[in-house]
Amino acid sequence: MTRTADPVRNILVKPAFNQSNLERDTIKKNGFHKTGQNGTSSVDPRAQDPAPRDRESFEQAPLHVAVFTYLGFGIVTLFGYLRDFLRAIGLEKCHVAQEREEQKDFVPLYQDFENFYTRNLYMRVRDNWNRPLCSLPGPMFDLMERVSDDYNWTFRLTGRTIKDVINMGSYNYLGFAENNASFLKTVADTTEEYGAGVCSTRQEMGNLSLHTELEDLVAQFLGAESAMTFGMGFATNSMNIPALVGKGCLILSDELNHTSLILGARLSGATIRVFKHNNMQSLERMLREAITYGQPRTHRPWRKVLILVEGIYSMEGSIVRLPEIVALKQRYKAYLYLDEAHSIGAVGRTGRGVTELLGVDPADVDVLMGTFTKSFGAAGGYIAGKKELVDYLRAYSHSAVYAMAMSPPVANQIIRAIKCIIGLDGTTVGIQRVRQLAENTRYLRRRLQELGFIIYGSPESPVVPLLLYMPGKVVAFSRAMLERKIGVVVVGFPATPIAEARARFCVSAAHTREMLDTVLDALDEVGDYLVLKFSRRTPSPRPELDDETDFELDS
């Protein structure tokens, strides 16, 4: 069965699906081919031993915790309706935006019921978010103190500053969000030479030698033929996916993918189907159905089938099962789009992401995407792959054609960070930071488990979700940690499942052991006070389900 031609046939082209491929291909246990057509191994020689899947932690909460979590949401919802009633009869002041009386017969601008959650739940606790910082967001930061006189509808600054708060929420994985004058000298020199902005697109007057140098360096770092950079990480996904797929194409998306991937998929006009998180059985079933039945109604073959996954999932701390996905995409002649926003620089022996961590040749991933906003202490994103792919995106990507070129000092900061990681700056600072991040990650995860907390994800993931469950405890946890000068990010519904609210720690290479011990001591105290140590070491059924596959693996 062959796919029909399309405008990007020279960029994302696979041979027709053939049943004999299933019999001819020999698969290793980690999921990639033992021998290719030329008899050579496709294993990346830089790879380290893949982490066993069963090391990922998805422990279930005790039953009573789930019951009280739903009960808590039921109570706050009930009181929300009561307060709406009091506002309607004038017994409570209404702070929300409302239609003017003379426009009440017009189509409403404000959907009152749709804002129920924001009005009655979020507003009561929003002091835990959007806190104003007044210093460098490094391993420690200063916070401007604010208070509210109307239950968080408005805030006022007190003029006082909370000093030396330990930062456990920023994506500063390698500590490059820094103000070391000697490290930033090249960035300062670039600002003097080029200025702060370009004021043009790359295709017009904004293509600087810095951008070319950066793209060559990114391609070298990733082991790809070519790379292209963009000024905004979110737009790297949302504006480039529509350039790669469109009507008549099929997107298979992991259910926990980031909003930028979801938006890009929706904007593309392609058909979207969602498979269970990291579940190879679910993904293979959808691939087989796509090959067997084709498009709905017409049953014509899909023009392309694109698999969208992330390297590290930012809310779960789990790592993609990349070797198995590569094996499936090769078997069913699909394409793979890998978002390494949280993994590039943060995992792997030399910081080259999940391809290095799991021993996958980068050439086996059709589209390598990542951002510079996390491990590199800058802004923007990249897409890398074959030269034909990158050349096509330069001409047809909305983000490339219409967006402003990356700021010169930002580009130089990324160049500085990558050279530091690779060692081209003549030091070993970069590789030391990669190793320090891995050490800090393992230490924090191990100690949290010893303290009795439920945490999610892989031992190698610097994203560490600590499960809080109950809505009242989420708020109390954040406030209690700030009282102890520790800044944390708490996340709840709708960003997470309603019964799995959590705190999300992001480990940094800049964290010292003393900082982590201070955080752990505070967590131990707050965990006892709020009764948050739910761990009973009961494994969730999810990892067992995720390990089910329909294709054979050699022993």
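1. A good place to start is one pair of residues: Leu-250 has Thr-271 of strand E6 as its bridge partner. Keep in mind as you look that this model is predicted.

2. That pair belongs to a wider match. Strand E5 (residues 250–254) and E6 run parallel, and 5 bridges join them. Strands of a sheet pair through backbone hydrogen bonds, which can be parallel or antiparallel.

3. Now step back to the whole sheet. It is open and has 7 strands, in the order E4-E10-E9-E8-E7-E5-E6, with mixed pairing. At its edges are strand E4 (226–230) and strand E6 (271–275), each pairing on one side only. On average, neighbouring strands are turned by 20° against each other, direction ignored.

4. Helices lie on this sheet too. Helix H5 lies across E4 and strand E10 (381–385), running at about 125° to E4. Helix H12 (residues 387–396) also packs on the sheet, where it touches E4, strand E9 (367–371) and E10. The direction of H12 makes about 30° with that of E4.

5. Next, try a small check on helix H14 (residues 408–422). With 15 residues at 1.5 Å a residue, H14 should span 21 Å, and its end C-alpha atoms are 21 Å apart, so the two agree.

6. How many of the 15 residues of H14 are buried? The count is 12, so to speak of H14 as mostly covered is fair. Among the buried ones are Pro-408, Ile-414, Arg-416 and Cys-420. Their cover includes helix H4 (185–194), helix H5 (209–222) and helix H15 (429–451).

7. One last detail to find: just after H14, Gly-423 takes a positive phi of about 100°.

Technical notes. Residues numbered from 1 in each chain as written. Predicted model: local features only at pLDDT ≥ 70, side-chain atom pairs only at ≥ 80, totals over all residues. Heavy atoms only, no water. Helix = DSSP H or I, 4+ residues; strand = E, 2+ residues; numbered from the N terminus. Expected span 1.5 Å × (residues − 1). Buried < 20%, exposed > 50% of the residue type's maximum accessible area, 1.4 Å probe, protein only. Contact = heavy atoms within 4.5 Å. Pairing = 2+ DSSP bridges. Axes fitted to C-alpha atoms, helices over the stretch in contact; angles between N-to-C directions.
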